[in-house]
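Trainee: Before we discuss anything, could you put the sequence and the model up, so that we can go through the side-chain contacts together?

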Amino acid sequence: MGNSSKRKPAAKAKPQGVVIAGPNPGVVDGHFFASVSGLLIHDAANRQAITRLGGAMWLESSPRIYAARCDLVRTFLDETGNWPEPPQWLLFIDADMTFEPTVVDQMLDTIERHKDKDIKILGGLCFAGGRGQGAYPTLVVVDDAANWDPSQPMSLGRAYDYPKDTLVKVNATGGAFLMIHRDVLEAMEKKFDTFQGHPNPYPWFREYEQNGQQFGEDIFFGVAAGSIGYSTWVDTAVKIGHRKTYTLDEQSYEANKEALIQRAEGALDGNS
């Protein structure tokens, strides 16, 4: 049998626990409540990535959404010792999102199916916009993102077209439905403890201005994570609705798609 008795046992796989992080304004949309309820019921009956291996945190947020997101990240990392096996994933779900009960299963299955890509940041397909401009996907591309320097201007563009029901790589996406691995959060905490020469209490999400340009907290997260080797991916099969007095979703995007593409600054390839 050779030296099999001397071989080290295979490392135990870390459980893929998921903790939901829900910043909210103190009230939530009924569609959001129904979506979260459906998600938790489905999870409890199936994978139990949230209900057994993870959990949920809800935080009433101020207008400074970046501060709320960072508070939730900090709680996730600080509470590690309270779990027998620390959950590996933090899933941001904002209080105006709607989704199917199976979304977490879909995302974990996508990560498993694409092990070769070592996905550590995965977003659902979200939409922004309004009645006047229609819905557009929150898929952000940044020129020369690999050489990101926060002291220099960035050239941002949006991919108004995308391949359906597949995996795409972007430089950033909205933080409203975004799953992030613990490794990313721990690495960013060490790397970005200072920012623009000052101590930084917001190493994961922050808004900042450079040369008159305003950058939101989700842009900072995606580009900063990318600068230390963590790519942002979006699974366009994970379809998320954005509630206003109406819903911005893939259906409303399709209704305005041609007008968007005419002014598009970029399109994405699938599985890049």
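Trainee: Which side chain does the side chain of Arg 206 join in a polar contact?

Mentor: This is a predicted model, in which local features need pLDDT of at least 70 and side-chain atom pairs count only at pLDDT 80 or more, while totals for chains, interfaces and linings use all residues. Residues are numbered from 1 along each chain as its sequence is written, and side-chain values use heavy atoms, with hydrogens and water left out. A polar contact is a pair of N or O atoms within 3.5 Å, where within protein one must be able to donate a hydrogen and the other to accept it, and residues adjacent in sequence count only if both atoms are side-chain atoms. At 2.6 Å, the partner of Arg 206 is Asn 200.

Trainee: Which side chain of opposite charge is nearest to Arg 206, and how far away is it?

Mentor: Arg 206 is buried, that is, under 20% relative accessible area, with exposed meaning over 50% and partly exposed in between (1.4 Å probe, protein chains only). Arg 206 has no salt bridge, a term for a side-chain nitrogen of Lys or Arg within 4 Å of a carboxyl oxygen of Asp or Glu. The nearest side chain of opposite charge is Glu 207, at 8.8 Å.

Trainee: How many salt bridges does a search of the whole structure find?

Mentor: One of them joins the side chains of Asp 29 and Arg 243 at 3.5 Å, N to O, and both of these residues are buried. Another joins Glu 250 to Lys 239 at 3.0 Å. The search of the whole structure gives 13.

Trainee: How many residues apart in sequence are the parts that Asp 183 and Lys 120 tie together?

Mentor: The closest N and O atoms of this salt bridge are 2.9 Å apart. Asp 183 is partly exposed because its relative accessibility is 29%, whereas Lys 120, at 13%, is buried. Asp 183 lies in helix 4 and Lys 120 in the loop between helix 3 and strand 5 (helices being DSSP runs of H or I with at least four residues, strands of E with at least two, numbered from the N terminus), so the separation is 63 residues.

Trainee: Which element gives the largest share of the largest nonpolar core?

Mentor: A nonpolar core is a set of buried Ala, Val, Leu, Ile, Met, Phe, Trp, Tyr and Cys residues joined through side-chain atoms within 4.5 Å. The largest has 38 residues, of which Leu 90, Trp 148, Ile 180 and Phe 205 touch the most other members. Elements that give two or more residues include strand 1, helix 4 and helix 5. The largest share, seven residues, comes from helix 2.

Key:
Lys and Arg count as positive and Asp and Glu as negative; His and the chain ends are not counted.
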